[in-house]
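Student: Hi! Could you walk me through this structure, starting with the pockets?
Tutor: Happy to, let's look at it together.

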Amino acid sequence: MELTRCGSCMPDSPNLVPRKFFPLKKTILRGQKSCNFKRLPSLLAIKAAREGGGAELENALLVEVEKKSRKSQRFRVSEGHPAPFGATVRDGGVNFSIYSTNAVSATLCLIHLSDLTENRVTEEISLDPLTNKTGDVWHVNIKGDFKDMLYGYKFDGKFCPEEGHFYDSSRIVLDPYAKAVISRGEFGVLGPDGNCWAPMACMIPNSEEFDWEGDLPLKYQQSDLIIYEIHVRGFTRHESSKTEFPGTYLGVVEKLDHLKELGVNCIELMPCHEFNELEYFSYNSVSGDYKLNYWGYSTVNFFAPMIRYSSAGARNCGHDVINEFKLLVREAHKRGIEVIMDVVFNHTAEGNEKGPILSFRGVDNSVYYMLAPKGEFYNYSGCGNTFNCNHPIVRQFVLDSLRYWVTEMHVDGFRFDLASIMTRSSSLWDAANVFGNPVEGDLLTTGTPLSSPPLIDMISNDPILSGVKLIAEAWDTGGLYQVGMFPHWGIWSEWNGKYRDIARQFIKGTDGFSGAFAECLCGSPSLYREGGRKPWNSINFVCAHDGFSLGDLVTYNNKHNLANGEDNNDGESHNNSWNCGEEGEFASISVKKLRKRQLQNFFLCLMVSQGVPMIHMGDEYGHTKGGNNNTYCHDNYINYFRWDKKDESSVDFFRFCSLMSNFRRECESLGLNDFPTSERLQWHGHIPLVPDWSDTSRFVAFTLTDSVKGEIYVAFNATHLPVTVTLPERPGYRWEPLVDTSKPSPFDFLTSNLPERETAVKQYSQFLDANLYPMLSYSSIILTLSLDIYA
């Protein structure tokens with residue numbers, strides 16, 4: 001295996017070679033358009049055999065294959081089966097199957113775990129193109145002792161980037177269908193000799209089964225979800241987590257009760273597919289540490305769980321990693337929490353033509369990547385390459401991966417990063433390529449957005465996948481923005497980026513957003529109703545992993561990304577944030593009080609909006625990243641969940657968030673399956689039934705009929721002035737305060753068991769007797785109806 005290294009680590013890359021290895025001569029003429037075949041005798045013989053060539057060429061084939069073959073003394077080798085793809089326990093052995101349409105030869109490489117660390121191949125098994133190949137699928141069945149044994153492949157063929165081919169028989173590549181990838185076992189630790197790209201190999205499966213203890217899908221209606229975006233490592237890596245296995249799947253299990261207390265019933269795992277956190281490892285002179293790929297949006301393998309998120313690491317050749325992930329899902333389900341995965345089917349870690357050959361590029365580059373006519377990589381992802389999602393082979397691969405995570409790993413759904421790439425036409429797009437018959441004038445430019453993309457169609461109508469949660473990040477870095485327009489088949493939801501922008505603008509007091517904010521509170525019907533979708537198709541969020549945290553949204557006007565080592569040039573410059581009067585954490589008491597109100601206003605806004613609310617990890621205690629809105633490279637306190645800070649705020653903001661989340665779940669009217677109408681919802685201004693939608697209005701209020709609570713009154717005052725509002729008349733009933741973000745904790749949320757609740761309510765009595773309520777600047781309230789015993 002050629003050990004691809006990042007530039008800051010090692011300039012040269014030695015090969016992983018078998019113990020008995022005879023080097024092959026090869027010629028790559030740089031700068032020339034002509035391309036050379038390696039092992040030309042094999043190629044000619046194969047071609048002749050396929051075309052019914054003479055006996056001499058058939059004999060030449062047999063001689064050539066025999067010369068290459070190394071008869072195994074440890075394993076019994078047979079033809080095998082072309083399906084399913086990957087390595088599968090079958091017929092008393094393991095069946096290996098892999099697709100490659102452009103390779104002229106294939107070799108299965110078996111690697112003992114001890115040999116992997118020594119850069120050696122334990123055994124090579126050359127595949128006979130006549131007996132070990134069906135169509136474009138190479139396959140073989142192996143029987144023997146696979147203890148501590150791994151595998152990979154070598155492929156031979158053209159090395160011609162101009163034609164989109166990168167075959168190199170000296171490199172071992174990963175099986176795209178491998179269920180675990182074994183390499184370094186510890187997160188952020190370099191391989192031997194400072195290697196960033198340490199040798200990698202694939203797990204060989206066994207027949208052991210995980211004890212699911214009767215686990216079944218929770219199958220919540222999407223309208224009932226409260227989603228929590230979580231980073232597996234960052235959630236428990238900080239020492240204050242006091243977990244036994246910090247930074248791992250098991251660490252998350254230890255803290256699931258925190259999420260239960262918060263009122264969350266669905267976690268969205270940031271990328272947990274295998275990736276290399278050392279991908280752009282380099283010294284950061286600003287922060288004095290090393291930059292890592294902390295977020296993980298650069299996939300190496302789409303079936304394998306991230307090995308370095310496991311307490312087991314490389315132990316047991318990856319089997320323990322799979323079991324730890326399954327345990328996380330099982331234990332989350334026991335607590336009533338669904339598990340959604342953030343998946344990155346828009347690009348891979350192999351980058352552009354200068355990137356490493358790890359898997360897809362060495363197996364069949366022109367199939368898996370979106371290429372221009374001269375082999376250049378389209379870059380709609382902003383990361384060097386674009387996954388060729390709507391190619392027939394690739395879309396089946398994506399489907400198989402998703403099915404695996406649902407059926408084998410029991411996950412409940414997926415959030416698709418830069419999902420708009422999945423709607424773009426593939427390389428060499430035409431109707432015959434996709435549907436089997438030509439349509440005149442159907443030839444499209446590579447990357448053209450499709451109204452009915454085959455991959456989205458297949459996922460949407462799949463008997464397994466159509467029943468899980470499907471969430472699109474409906475844009476990409478190539479300028480395609482599809483929020484409200486993503487092809488949906490009635491089941492896809494979207495990260496509603498417009499909700500984020502409008503909520504930020506209104507709550508910080510920007511003129512001209514009262515009407516748009518009211519739309520957001522109703523589930524964004526202008527985006528989703530016309531297409532036949534519902535409020536739950538909108539995933540509402542104010543903050544996510546990229547961008548300001550909620551605490552920084554109310555603390556900084558400008559990004560402060562110097563710690564990234566890019567002179568503050570990275571990250572979004574337009575954040576719609578407001579520092580409440582002073583920049584940074586060190587501020588006056590009055591500014592800090594205003595910031596606290598704004599934190600609560602944002603959270604209350606999320607919880608009373610139709611649609612599905614999403615909270616980002618740490619926002620429930622006001623986590624700060626120091627104003628850094630692009631923390632992709634920091635494996636440190638900037639991104640780590642601070643359990644000590646959460647405990648400090650547990651009687652304050654965390655309490656408020658927990659109560660608001662659970663209030664939402666109690667209310668029948670705050671998770672509607674359809675957009676609210678005037679029969680249920682009424683808009684108000686400073687006086688009832690007279691809303692102000694003018695450009696200068698910063699006040700929005702509404703009442704909502706609820707079968708559980710009776711009726712609730714919600715109001716937002718986003719001005720710098722206090723107001724006294726007149727409440728709607730409800731004969732025989734009386735409005736009572738429940739939430740007021742202008743009040744200190746615990747009076748900001750008056751629970752029924754609060755010892756001083758009656759005293760607090762009496763302080764409002766002179767106003768409530770007159771059917772009035774006073775609101776401070778930048779505050780929001782929730783009132784509920786109760787019987788008026790004096791009426």
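**Pockets, cores and rings**

Tutor: Helix α16 gives the most to the lining of the second largest pocket, with six residues. Keep in mind that this is a predicted model.

Student: Okay! Which other helices supply at least two residues of that lining?
Tutor: Besides α16, both α15 (550-553) and α17 (643-648) do so.

Student: And what's the volume of the second largest pocket?
Tutor: Its volume is about 940 Å³. There are 29 lining residues, and T555, E585, Y621, G622 and T624 lie nearest the centre of the pocket.

Student: How many of the lining residues there are charged?
Tutor: Eleven are charged, alongside nine nonpolar and nine polar residues.

Student: Switching topic: how many cavities of 30 Å³ or more are there?
Tutor: The count comes to ten. The largest cavity has a volume of about 80 Å³.

Student: Which residues lie nearest the centre of the largest cavity?
Tutor: Those are Y294, H616, M617, K625 and N639, out of 14 lining residues. By class, that lining has seven nonpolar, six polar and one charged residues.

Student: Now the inside. How many residues does the largest nonpolar core have?
Tutor: It has 195 residues, and Y228, F387, F414 and M660 have the most contacts inside it. Helix α16 (residues 589-608) turns up again here, providing the largest share of this core with ten residues. As background, nonpolar side chains tend to be buried together in soluble globular proteins.

Student: What does F414 touch?
Tutor: Leaving out residues up to four places away in sequence, F414 touches I340, M341, V343, L402, W405, V406, L465, V468, K469, L470 and I471. There is also a second, separate core of 19 residues, with A760, Y764, M775 and L785 among them.

Student: Last topic, aromatic rings! How many pairs are found?
Tutor: A search of the whole structure finds 55 aromatic pairs. One of them is Y283 with Y290, an edge-to-face pair at 5.3 Å centre to centre, with 70 degrees between the planes.

Student: Why does Y290 count as partly exposed?
Tutor: Because its relative accessibility is 43%, and partly exposed is the class between under 20% (buried) and over 50% (exposed).

Student: Got a stacked pair too?
Tutor: Y378 and Y380 are stacked, at 5.8 Å centre to centre and 10 degrees between the planes.

Student: Are those two buried or partly exposed?
Tutor: Y378 has 23% relative accessibility, so Y378 counts as partly exposed. Y380 has a relative accessible area of 16%, so Y380 is buried.

Note on methods. Residues are numbered from 1 along each chain as its sequence is written. Side-chain values use heavy atoms; hydrogens and water are left out. On a 1 Å grid over the protein atoms alone, a cavity is a set of points where a 1.4 Å probe fits but cannot get out, and a pocket is an open set with protein on both sides within 12 Å along at least five of seven lines; lining residues have an atom within 4 Å of a point. Grid points are joined across faces, edges and corners, and a volume is the space filled by probe spheres set on the points. Ala, Val, Leu, Ile, Met, Phe, Trp, Tyr, Cys and Pro count as nonpolar, Asp, Glu, Lys and Arg as charged, and the others, Gly among them, as polar. A nonpolar core is a set of buried Ala, Val, Leu, Ile, Met, Phe, Trp, Tyr and Cys residues joined through side-chain atoms within 4.5 Å. Buried means under 20% relative accessible area, exposed over 50%, partly exposed in between (1.4 Å probe, protein chains only). Helices (H or I, at least four residues) and strands (E, at least two) are DSSP runs, numbered from the N terminus. Contact means heavy atoms within 4.5 Å. Rings of Phe, Tyr and Trp (its six-membered ring) pair if their centres lie within 6.5 Å; planes under 30 degrees apart count as stacked, over 60 as edge-to-face and the rest as tilted.
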